[in-house]
Amino acid sequence: QVRLVESGGGLVQPGGSLRLSCEASGRIFDINAMGWYRQAPGKQRDLVASITRGGSTNYADSVKGRFTISRDNAKNTVYLQMLGLKPEDTAVYSCKAGVMSSSVSYYKDYWGQGTQVTVSS
């Protein structure tokens, strides 16, 4: 019932910027934490950034100072602003949200389908 849809990925040159978006839709009662993850082929999936309902953020050391996570609770949307992109940032980026639907009384994690980010000259 709940679905997360990502957008904003693409091909960018080193030093460039992208802004990813992920919107949750469906029978949503509440969303607590949201986060962005990334995974390159043959590599482990890593947490990039997370944000709580109240706006507290955490970042992987590799992206601190370059990436900014934010959210719009009214739109059930989380964003990832990526500046100063490097080739090592190339990966599939996916979002996760802890969602309480209108039919249950607990939070459950939902994942987006992922969007490709490629950083290359």
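The exercises below work through the fold, the disulfide and several single residues of a predicted model.

In this predicted model, local features need pLDDT of at least 70 and side-chain atom pairs count only at pLDDT 80 or more, while totals for chains, interfaces and linings use all residues. Residues are numbered from 1 along each chain as its sequence is written, and side-chain values use heavy atoms, with hydrogens and water left out.

**Exercise 1. Describe the secondary structure and overall dimensions of the protein chain.**

Step one is to list the elements, where helices (H or I, at least four residues) and strands (E, at least two) are DSSP runs numbered from the N terminus. The protein chain has zero helices and eleven strands, and from the N terminus on its elements run β-β-β-β-β-β-β-β-β-β-β.

Step two concerns compactness: the radius of gyration is 14 Å, close to the 14 Å that the globule rule gives for 121 residues, so the protein chain is as compact as a globular protein of that length. The radius is taken over C-alpha atoms, and the rule is 2.2 Å times the number of residues to the power 0.38. Along its principal axes, the C-alpha trace spans about 50 × 25 × 25 Å.

Step three turns to burial and contacts. Of the 121 residues, 40% are buried, where buried means under 20% relative accessible area, exposed over 50%, and partly exposed in between (1.4 Å probe, protein chains only). Among contacts (heavy atoms within 4.5 Å) with a separation of 6 or more, 56% join residues 24 or more positions apart.

**Exercise 2. Locate the disulfide, and state its handedness and whether its cysteines are buried or exposed.**

First, recall that a disulfide is a covalent bond between the sulfur atoms of two cysteines; here the criterion is a pair of cysteine sulfur atoms within 2.5 Å. The structure holds one disulfide, formed by Cys22 and Cys95 with their sulfur atoms 1.8 Å apart.

Next, place the partners in the chain: Cys22 belongs to strand β3 (residues 18-25) and Cys95 to strand β9 (residues 91-101), so that the pair, 73 residues apart, links distant parts of the chain.

Finally, the torsion about the S-S bond of Cys22 and Cys95 is about 40 degrees, so the disulfide is right-handed. Both Cys22 and Cys95 are buried.

**Exercise 3. Compare the surroundings of Ser50 and Gly15.**

Begin with Ser50, which is found in strand β5 (residues 46-51) and is buried, with a relative accessible area of 19%. Leaving aside neighbours within four places in sequence, Ser50 is in contact with Met34, Gly35, Ser56, Thr57, Asn58 and Ile69.

Then take Gly15, which lies in the loop between β2 (10-12) and β3 and is exposed at 52% relative accessible area. With neighbours within four places in sequence left aside, Gly15 is in contact with Gly84 and Leu85. Although Gly15 and Leu85 are 70 residues apart in sequence, their C-alpha atoms are 4.9 Å apart in space.

**Exercise 4. Which loops hold Asn76 and Val104, and what is notable about the phi of Asn76?**

Asn76 lies in the loop between β7 (67-72) and β8 (77-82), and its phi is positive, about 50 degrees, although Asn76 is not a glycine. Its relative accessibility of 25% counts as partly exposed.

Val104 lies in the loop between β9 and β10 (108-111) and is likewise partly exposed, at 29% relative accessibility. The C-alpha atoms of Val104 and Asp30, 74 residues apart along the chain, are separated by 11 Å.
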